[in-house]
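Let's learn to read a few features of a protein model together, one question at a time.

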Amino acid sequence: MLRKLQVHLRDTFSVPARIMKTMSVPEGSYERSRNQYNSTRILREILKETPPDAIKILGIVDRDLCIPILTFVFGEAQLGGVASIVALARLRQEFYGLSPDDGILFERLCKETLHELGHNFGLIHCNDRECIMYLSNTVRDVDRKGTTYCGSCDSVLYLKTDPWRVQPWNRR
Amino acid sequence: MESKVNILIVDDEEIVRESLASWLGEDGYEVAAAENGARALERLPERDWNLAMVDLKMPGMDGIQLMDEIRKTRPETIVIIMTAYATVDTAVQAMKKGAYDYIVKPFNPEDLSMTIRKIIEHQKLVKENLYLRKELKKQYRLHDMVSKNHKMIEIFDLVKTVAKSNSIVLVQGESGTGKELLSRAIHMESPRKDEPFVSVSCAALTENLLESELFGYEKGAFTGADQARSGKMELAKDGTLFLDEIGDISLKLQMDLLRVIEQREFRRVGGTQLIPITSRIIAATNRDLKKAIEEGKFREDLYYRLNVISIHIPPLRERKEDIPLLVEHFLDRFNIEMGKNVDGVAESAMRLLMEHDWPGNARELRNVIERAMVVTKGRMILDADLSLPRPSGVPGAPDSRGKSLAEMEKEHIRQVLQENRWNIIRSAHILGIDRVTLYNKIRKYELKKEPVLNT
Ligand SMILES: Nc1ncnc2c1ncn2[C@@H]1O[C@H](COP(=O)(O)OP(=O)(O)OP(=O)(O)O)[C@@H](O)[C@H]1O
Ligand SMILES: [Mg+2]
Ligand SMILES: [Zn+2]
Ligand SMILES: [Zn+2]
């Protein structure tokens, strides 16, 4: 699934994507009373792992994430910054008592990944319900929105990723 | 372009500030954070904060104290109190003191998005409304008086002209219609506005006392006059002398007054020196002077002396369109005076106000609103907050007789909840109370969600 995601990200942004070695979930991020992990704390640790040549770093964690004030988050990103994180737990059908479905999980993962990376590239939430930058607070919202950026978000993104974009004629 | 929405986060925990700022930032809000109340107050002047999200428990100044401070300097900033420990008492206290909402950490992300959006939307409406209202008020306002009744607006116009002259004005109207208020407005519109406005209540005093009150007295004029005193006529100097309840003075004093007004000079009681009158005289009465003349209780010649410019203020029941306007006027005023945050009057309560006959006119309405604002628990004045006699023959629940207020309230809440399928937010809105109050009442009356039977 990670490989598929790698391809998907590369094709979307036209920038090279690299899978890094697995990182353990930072100890201090566990919130005992809630049996959840603090996404902001994990994000801080991910940021420390950024390789010198990377422009963005994305963490994918198979845990349930939260921040102190919210019951959960699907992910978190530094707005216009480097690091972001996406949690798998609530994207899984099992979480809602349904039978596992890798196809659905992958689609949701792609959407949330593009969403958080969009924040990293400076995008804020979009009012277009179809747009991937639409704020989704439930998996229903995630499933309802489209798999791509709307026109205006996409053009902002195009400008923001321009310096790093692999030109088509350079692509192998 | 839409202006940026500014949110200030105040929490002593860094991780809370950072994570909430990040989450709100992703939603496009301009977010800043402060680690304690003192820092927050320092940051207040930096921007026009739309919203402050304030932690309840912080070392030093706590959330409620900070909210009080914010409300003093930035009343337009909406405050949400956040806490990890839910106690209904503090929630109620916070909401009573004007917190918009009280959220218990952790909060459902969907609800938080909704809450914030609603606040911003509400603020936008209030701003537009305030602007519109101010625009409207311009036409309907004369100093402290408001009205949209055409007769009243004519009077307001007349006042502006009359104010420039020195003629005597007679203001008539039932008790509480605003005779004194109007007389003050005449004074304030006149070139005499920086001189004194001196009011004499003619009904309150005996003939002798009123005489010395008006004209003053010399030393030894009567027993007890061990020192000379100037009367109100002198004290008014180049200002305005307001003779209130002129219909109540004795016939003898009426004659004295007539002479004084004609000659524009007077003597202190027991004095010989003539003192010129330089003030402008306005007289008011709630009596029917024409009738008093017929009955021989009021001198016709004095009446004509006073009645150079005559203003008759219509009673409130003849200008019911002024009721909502006056209500709003009094709400604004008492919100400031009492430090309250009452938004308005529920539709049904407004209907009661419109139906009432108002024998005491605007003053009675003011008192009813004042009392309602003292007793109301929420941001809306409800029927029960009004101490009005229920007009007879109003169609109501047929079985409502003999039931206590509490029983009626319980029944009403149960019904509204059922109609709204126990949607708390919507029900609270309809009831005109906040969510915490509704939860409290549900607990108090032990209301339970009943299964809806499909038929
Ligand atoms: N048009 C108005 N707009 C706003 N407030 C009003 C208006 N008319 C009356 N009021 C309110 O009613 C109160 C009573 O008004 P005022 O004292 O002028 O009445 P009055 O006619 O002199 O009554 P009385 O005959 O009993 O002395 C005022 O203090 C004011 O609060
Ligand atoms: Mg009066
Ligand atoms: Zn978009
Ligand atoms: Zn987002």
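The dialogue below goes through a metal site, the cysteines, chain B and its salt bridges.

Q: Before we begin, what kind of model is this?
A: This is a predicted model. Please keep that in mind for every value that follows.

Q: How do I read a metal site, and which protein atoms are the donors of the zinc ion (ligand 3)?
A: Begin with the donor atoms and their distances. Here the zinc ion (ligand 3) has four protein donors, the SG atoms of A:Cys126, A:Cys131, A:Cys150 and A:Cys153, at 2.3 to 2.4 Å.

Q: What is the geometry of the site of the zinc ion (ligand 3)?
A: For four tetrahedral donors the ideal angle at a metal is 109.5 degrees. In this model the angles among the 4 donor atoms run from 106 to 116°, and the site is tetrahedral.

Q: How are the donor residues of the zinc ion (ligand 3) spaced in sequence?
A: The pattern reads C-x4-C-x18-C-x2-C. One pair links distant parts of the chain: A:Cys126 sits in the loop between helix H3 (102-120) and helix H4 (139-144) of chain A, while A:Cys150, 24 residues apart from A:Cys126, sits in the loop between H4 and helix H5 (151-161) of chain A.

Q: Are these donor cysteines, such as A:Cys131, buried or exposed?
A: Relative accessible area gives the answer, and buried means under 20%. A:Cys131 is buried at 1%, and A:Cys153 is buried at 7%. A:Cys150 is buried too, with a value of 12%, and A:Cys126 is buried at 13%.

Q: With cysteines in view, how many disulfides does a search of the whole structure find?
A: A disulfide is a covalent bond between the sulfur atoms of two cysteines. The search over all chains finds 0 disulfides here.

Q: Let's turn to chain B. How many helices and strands does chain B have?
A: Counting elements is a good start for any chain. Chain B has 18 helices and 18 strands. Of its 455 residues, 46% count as buried.

Q: What do the contacts and the surface of chain B look like?
A: For contacts, look at sequence separation. Among those in chain B with a separation of 6 or more, 69% are between residues 24 or more positions apart. For the surface, look at area and atom type: chain B has an accessible surface of about 24300 Å², with 51% belonging to carbon and sulfur atoms.

Q: How many salt bridges does the structure hold over all chains, and how do I read one?
A: There are 39 salt bridges over all chains. Take the partners, their N to O distance and their places in sequence. B:Lys4 and B:Glu30 form one, with their closest N and O atoms 3.6 Å apart. B:Lys4 lies in the segment before strand E1 (6-10) of chain B and B:Glu30 lies in strand E2 (residues 30-34), so the pair ties together parts 26 residues apart in sequence. B:Lys4 is partly exposed at 48%, and B:Glu30 is partly exposed at 30%.

Q: Which parts does the salt bridge between B:Asp343 and B:Arg379 tie together?
A: The closest N and O atoms of B:Asp343 and B:Arg379 are 3.3 Å apart. B:Asp343 is in the loop between helix H13 (322-338) and strand E17 (344-345) of chain B, and B:Arg379 is in the loop between helix H15 (361-375) and strand E18 (380-381) of chain B, so this pair ties together parts 36 residues apart in sequence. B:Asp343 counts as partly exposed at 42%, as does B:Arg379 at 28%.

Q: Which residues do salt bridges that share partners join into one network?
A: B:Glu211, B:Lys252, B:Asp256 and B:Arg259 are joined in this way.

Methods:
Residues are numbered from 1 along each chain as its sequence is written. Chains are lettered from A and ligands numbered from 1 in the order in which they are written. This is a predicted model: local features need pLDDT of at least 70, side-chain atom pairs count only at pLDDT 80 or more; totals for chains, interfaces and linings use all residues. Side-chain values use heavy atoms; hydrogens and water are left out. A disulfide is a pair of cysteine sulfur atoms within 2.5 Å. Buried means under 20% relative accessible area, exposed over 50%, partly exposed in between (1.4 Å probe, protein chains only). Helices (H or I, at least four residues) and strands (E, at least two) are DSSP runs, numbered from the N terminus. Contact means heavy atoms within 4.5 Å. Accessible areas come from the Shrake-Rupley method with a 1.4 Å probe; for residues, only the protein chains shown count as cover. Donors are N, O and S atoms within 2.8 Å of the metal (3.2 Å for Na, K and Ca); water is not among the atoms, so sites may look incomplete. Four donors count as tetrahedral if all angles lie between 85 and 135 degrees; four count as square planar and six as octahedral if opposite donors are over 155 degrees apart and all others between 65 and 115; anything else is irregular. A salt bridge is a side-chain nitrogen of Lys or Arg within 4 Å of a carboxyl oxygen of Asp or Glu.
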